[in-house]
Each structure stands twice: as structure tokens, then as C-alpha cells.
Amino acid sequence: MRLITPDKFHDECAVFGICGHREAANLTYLGLYALQHRGQEGSGIVSSNGEDFFHEKGMGLVADIYTKPVLKRLPGQMAIGHNRYSTAGESSLKNVQPLIVNFAFGNLALAHNGNLINASMLRSELEAYGAIFQSTTDSEVIIHLIAHSRAETLLARVIDALSQVRGAFSVVLLTDDSLIAARDPYGFRPLSLGHLKDSWIVASETCAFDLIGAEYVREIKPGELVVLNSEGVTSYSPFAKTRSAMCVFEYVYFSRPDSKIFGGKAVYLTRKELGRQLAREAWVDADIVIPVPDSGVPAAMGYAEGSGIPFETGLIRNHYVGRTFIEPEQSIRHFGVKIKLNAIPEVLEGKRVVVVDDSIVRGTTSRKIVKMIRQAGAREIHMRISSPSIVSPCFYGIDTPTRKELIGSSHTIQETRKYITADSLAYLSLDGMLKAAPGAPDHYCTACFTEDYPIPFTKAEEMQLGLFEPSL
Ligand code: AMP
């Protein structure tokens, strides 16, 4: 059995695809630009003119990679693109998607958002049959499964391959004559369908449609596969049906507030409702409510509205710094909060302050923020978190550290409060979060808050994924 450390399973990404537009690559670039928050490590675009595939990729941010000459090298009416973020060790160009191959059925490119929990097992099996892998991403197994399938058509092979992987996939594939997009039966990660003039588009989030002036049509449903080509959109439901388990953390933190995901309204509305619900559950007598920008802003507005305590801006964010969490080195992460945020003493001095953030992961950010606000003269600091305590890693595509590093997995709320040095700390309840999120509560994956993983693990997977760490 091949052992992959749990870190390698953490993979935040964005996918985009467009079919039937003469500026396919340019629009893909813009789509990826809007989706930058889902991955900052590297980005790639593959375009097709119906005969050849053209491929450009690079490390870093979208705006830096795709210069005019680079985009000129991506002709054709179809294109797919991908933004990638993964943790240390795997940050190399060879892992930047789309992955591209040429095989018996012609050209094929793949862009994948999500994580596959049986990728390592499948990879070992494929390697035993002689498969040579070009990257260390779990996504590459999909390509090999397509190549090894005995099914007669390319579409049937794609379905065959995707039926064998377990886990999260919102995937976009480019073939010589069409674009195929699919979402796993649980629907962990979002994927939406858009329309622009004569072209069809798929994207992780609808903010990509807004930037290019495309119209949002609908979400790609959990377990749905669509083929987009000159004939339009053909929809299939080829996978075994199961409960849906859409990632509630997309609402809490990950998606952009202006996006519609999972067929609902703008994420912003849900995030604000999380804050209102938090005020109902964890009201405190205070003078001002301030957000941790940017992630805590909508929830803080909801909290202020719900509690009747005035909303203020007490922390200013430097927008030219990447997300602290995404820095690969622990030392930079600790330092990062100071680089990124600064307090305004004139707002905070002598005040009883409610500080709202969306989540606590390791607790290091909250600790630094509380210290900063205290130094700025606040009299009391009440930390309010618009989601429950994170106790368990995500294996479906959100970058969370190992269980040991999650402060909520080994500390009570009181211990965490002490660690972050706040006067009080309260999290939103699980029920409260699910009440604020649209639709039925049992439609969501809440594994990071509950350890209730929707896909049962085999014993081998449990070991590989580090579910039985000695520290537990
Ligand atoms: P920590 O210092 O580890 O507790 O980080 C908490 C901060 O990280 C909060 O302000 C969150 O908004 C943010 N955060 C939560 N989850 C993630 C994630 N998957 N990637 C990047 N930032 C995150």
C-alpha cells in the first residue's frame, strides 16, 4: 500500500470551462481571475480549436501568469482552466492543472476541484498495471481510469472512471469536440452552468459569470454530468444516487459572498444570517461589533443587526497580502496577521468589543487579533464565531490542517478562550448554522464540525488519511 501523508489530500481549487466562444481562453482567464480566492498556488488553461490542444500554466497568481502573449498562444473556441492551492511538498508546476494527455480517443484535459479519498489505492492498482503518473495529484487517477476503461465511447469511459472514484469531484474535461462537466453524487463542491451568447460555461462559482457578463442558468446537480458542445447541453445522471452532502463550509468561509452556490442565493445572505443567528444564541452586553476583515464582515453585520449593537470597523486589512492561512511556512503564518491587519485605537479605546470571525482553525489568528485589539485599548473583548468549533480535518477539498493542529479537537471552548486571551468566546451551534444555511439541514456535509463523514472509510483509508493518529 502506498502511503500518502494526510497533507497531500488538502486541495482547494477552482474550475472553469467554456465552449463555443472565439475568445474562449480570454474568458477563461477572466473567470479564473474571479475565482482566485479558491486557489493561489498556480493556474493553467487548456484551449482547443477542434484539432489541437494548447496549454499554458504557471505558478502564482492568475494576473501574473496570463500575459497577453501567453493568452495569444491559446486559440480556439473551447477552453478549460484551473486554479490550484495545495499544502507544502506538492507545490510544483507538474501538479498545476488542467492535466493534459493524448490517448486512443484523442486529446483530453482535466480540471478537478475536490479530493478523492481512494485515489492512493487506485493509483497503486494502476501502477501495478504499468501506469506511469506524471504528477502527484489525486486527480490524475481519473485520467488513467479513463484510459484503462473498456467502455466503447469516451463519454462511457468518463462515466466509468468517475464511478470508481470516491470522494469529492467537481470536474471539467475538455475533449476534441466537447466539454464534459460533472459533480459527484454527494455534491460536496459547487459547480454552476452559465450562458453567454452562443456559448456555454461551467464554473465553480457564479462570480466568474458576473465578471464576463454571462447569465447564471442553474447549478450542475449532485451526481449530474453534462456534455456541452455545438448541439447545446445534454444532461445525464449516471452515478448511483445517494444523500447530498454539500459543503457547509463553502457558506461559512470559502465561497465568495457575491456568488450563488448550490442553487441558492448569494452566499452573502447566508453569511449575514449566520451572524444574526449567532447574536440570538450568544448575545453579550457590549459597545461595538467589529468584524475580522474580510471573512467576518457579513456575519458581523448580521450580528450587529441581530444584537442591536453598533457595527464598527476596528481592524483594517492590507489587501495586497495573500491569505495568511495559505502561506506555506508556519513562521510566515504567525507573522502574517500583523502584516495583514492593523487596529484603529480611536475606535477601540475603552470599548467593550464583540469581534466576529467566521471560524477558528488553529487559533493563532484569533490570538494575535485579540492581542492587537487589547493593545489598541479595548476594555473587554468578546470573540464570536459564526460556525461551530472545527474538530476534524476535511478530506473533500477544504484545506484544514491535521486533527492535532485543530485547536477545537483537543481544547474545550473555555481552554480555547484562555489560549486566545479573550474575555469570552462563543461559537454558533450546529443547529444554528444549519438553520441559517438554505434548504434542508441534512443536505450538507458538516464533517469538519461533527466528524460525521458522509462517505464511509475503509480501514486502509482511515490509516492513510490519518484518522487514527496516535494522539487521539
Ligand atoms: P487560525 O489562525 O488557524 O485559527 O485561522 C483562522 C482564520 O483562518 C479565520 O480568520 C478564517 O477566516 C480563516 N480560514 C478558515 N479556514 C480557512 C481555509 N481553509 N483557508 C484559509 N483560511 C481559512
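How many disulfides does the count come to? Zero, in this predicted model. Let's take a look at the cysteines first.

**Stop 1: Cys 247.** Select Cys 247 and show its side chain. The closest cysteine sulfur belongs to Cys 394, and it sits 5.9 Å away, too far for a bond. A disulfide needs the two sulfur atoms within 2.5 Å, so this pair doesn't make the list. Switch on a surface and you'll find Cys 247 buried, at 7% relative accessible area.

**Stop 2: Cys 445.** Now jump to Cys 445. Its closest cysteine sulfur is the one in Cys 247, at 6.4 Å, which is again too far for a bond. Cys 445 is buried as well, with 8% relative accessibility.

**Stop 3: Thr 446.** Step along to Thr 446, in the loop that links β21 (444-445) to α17 (447-450). Is Thr 446 buried or exposed? Buried: its relative accessible area is 10%. Leaving aside residues up to four places away in sequence, Thr 446 touches Val 248, Leu 430, Met 433, Leu 434 and Glu 451. Show those five as sticks to see what surrounds the threonine.

**Stop 4: the two domains.** Zoom out and colour domain 1 (2-245) and domain 2 (269-318 + 333-442) separately. Their C-alpha centres are 34 Å apart. Where they meet, 15 residues of domain 1 contact 10 residues of domain 2. About 1000 Å² is buried between the domains, with carbon and sulfur atoms giving 55% of that area. Hunting for salt bridges across this boundary will turn up zero, but three residue pairs are in polar contact there.

Definitions and conventions: Residues are numbered from 1 along each chain as its sequence is written. This is a predicted model: local features need pLDDT of at least 70, side-chain atom pairs count only at pLDDT 80 or more; totals for chains, interfaces and linings use all residues. Side-chain values use heavy atoms; hydrogens and water are left out. Buried means under 20% relative accessible area, exposed over 50%, partly exposed in between (1.4 Å probe, protein chains only). Helices (H or I, at least four residues) and strands (E, at least two) are DSSP runs, numbered from the N terminus. Contact means heavy atoms within 4.5 Å. Domain bounds come from an automatic or database domain assignment. Buried area is the accessible area (1.4 Å probe) that two parts lose on being put together, summed over both. A salt bridge is a side-chain nitrogen of Lys or Arg within 4 Å of a carboxyl oxygen of Asp or Glu. A polar contact is a pair of N or O atoms within 3.5 Å; within protein, one must be able to donate a hydrogen and the other to accept it, and residues adjacent in sequence count only if both atoms are side-chain atoms.
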